[in-house]
Amino acid sequence: MSVPSTHSSAEGTLVAEAESDDERLVARAQDGDRDAFNELAERHSSMLRRLLFRITKDCEAAWDAVQEALLSSWRNIGRFEGRSKFSTWLTRIGINEAYRGMRKGQMELLELDDSVGERVPDWGNRPDDVFESREFLAAVSAGLDELSSDYRAAVVARDVDGLSTREAAEALGIGERALKSRLHRGRMALRAELDGYFEEGYAG
Amino acid sequence: MSLNPMTRRRERCSETRERLSDHLDGQLDPDQREAAERHLRWCSNCARMLQNLSRTVGGLHRLRRPDSSEGTADPDRS
């Protein structure tokens with residue numbers, strides 16, 4: 001499955017400039033320039049907070065995870081080798097912090113809802129723009145919030161943030177097989193949630 | 001593998017559904033992909049599930065967009 005491009009060529013130029021600014025700031029931060037790191041933090045913290053809120057579902061916990069991630073990335077900036085973008089590296093640290101905070105005293109069972117034999121609801125032959133509408137995306141977002149934290153963390157890391165299987169597994173501190181299992185169960189649970197949205201399309 | 005055709009069909013459905021995400025992500029090995037595609041050609045129920053799952057994953061990818069009202073996307077990331 002291909003992901004549609006999210007940037008026009010003009011936006012692409014801006015993104016490329018932002019990335020090269022990041023590289024310059026990272027180089028200065030690695031030389032101990034705290035102001036440069038603060039600028040990096042300012043550039044990325046609000047996006048990171050919004051992403052981590054999707055995992056924690058709690059403003060304060062998301063903010064705590066951002067703070068921990070920034071502290072950790074400042075301490076470890078010397079080890080950042082630039083093999084990924086700074087924002088990807090910071091996001092991985094942030095997801096790890098958010099997930100770690102959320103897992104304290106909590107264990108959830110992972111069950112796959114096996115409805116083999118039941119008719120799978122038909123979402124109908126709707127045009128593509130239905131699946132790009134704000135209403136549909138709001139339903140996806142609301143369904144995501146309903147997932148258990150283990151599923152949600154895996155789905156956010158892979159599908160919303162776009163980390164690779166290996167990167168997402170590392171961020172959550174689990175193996176790739178466990179990550180793929182949680183991702184699949186999370187996607188399937190969300191798909192089941194969205195059946196309600198298309199209920200009228202049911203052709204029983 | 002059961003010899004009962006109904007049980008066998010259910011097993012095929014379960015096996016295919018377990019692999020739908022890997023199928024969408026292009027992470028099945030050739031034998032698994034061929035088996036999944038064969039099943040999906042004649043099992044309309046599993047084919048619908050794949051289509052619905054694909055739409056779901058497409059929606060999640062779109063939450064990445066900076067211009068999405070629900071988006072969490074970082075403009076530095078594509």
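This report describes a buried leucine, a charged surface patch and several salt bridges in a predicted model.

## Basis

In this predicted model, local features need pLDDT of at least 70 and side-chain atom pairs count only at pLDDT 80 or more, while totals for chains, interfaces and linings use all residues. Residues are numbered from 1 along each chain as its sequence is written, chains are lettered from A and ligands numbered from 1 in the order in which they are written, and side-chain values use heavy atoms, with hydrogens and water left out.

## A buried leucine in chain A

A:Leu40 belongs to helix 2 (residues 34-56) of chain A; helices are DSSP runs of H or I with at least four residues, numbered from the N terminus. A:Leu40 has a relative accessibility of 0% and so counts as buried. Buried means under 20% relative accessible area, exposed over 50%, and partly exposed in between, with a 1.4 Å probe and protein chains only.

Leaving aside residues up to four places away in sequence, A:Leu40 touches A:Asp22, A:Leu25, A:Val26 and A:Phe86; contact means heavy atoms within 4.5 Å. The C-alpha atoms of A:Leu40 and A:Gly82 are separated by 14 Å, and the two residues are 42 apart along the chain.

## A negative patch

A:Asp58, A:Glu60, A:Asp64 and A:Glu68 form a negative surface patch. Residues in such a patch have over 30% relative accessible area and no salt bridge, and like charges are joined within 9 Å. One of these residues, A:Asp64, lies in helix 3 (residues 59-76) of chain A and is partly exposed because its relative accessibility is 45%.

## Salt bridges

Side chains of opposite charge can pair when their charged atoms come close. Over all chains, the whole structure holds 21 salt bridges, each a side-chain nitrogen of Lys or Arg within 4 Å of a carboxyl oxygen of Asp or Glu. One of them joins A:Glu170 and A:Arg92, at 2.3 Å from N to O. A:Glu170 lies in helix 7 (residues 165-172) and A:Arg92 in helix 4 (residues 86-103) of chain A, so this pair ties together parts that are 78 residues apart in sequence. A:Glu170 is partly exposed, at 41% relative accessibility.

In chain B, the closest N and O atoms of B:Arg12 and B:Glu15 are 3.7 Å apart in a salt bridge. These residues are separated by about one helical turn because they are 3 residues apart in helix 1 (residues 5-18) of chain B. B:Arg12 is partly exposed at 34%, and B:Glu15 is partly exposed at 32%.

Technical notes:
Helices (H or I, at least four residues) and strands (E, at least two) are DSSP runs, numbered from the N terminus. Patches are made of residues with over 30% relative accessible area and no salt bridge: like charges are joined within 9 Å, nonpolar side chains (Val, Leu, Ile, Met, Phe, Trp, Tyr) within 5 Å. Accessible areas come from the Shrake-Rupley method with a 1.4 Å probe; for residues, only the protein chains shown count as cover. Lys and Arg count as positive and Asp and Glu as negative; His and the chain ends are not counted. The place of a charge is taken as NZ of Lys, CZ of Arg, CG of Asp or CD of Glu.
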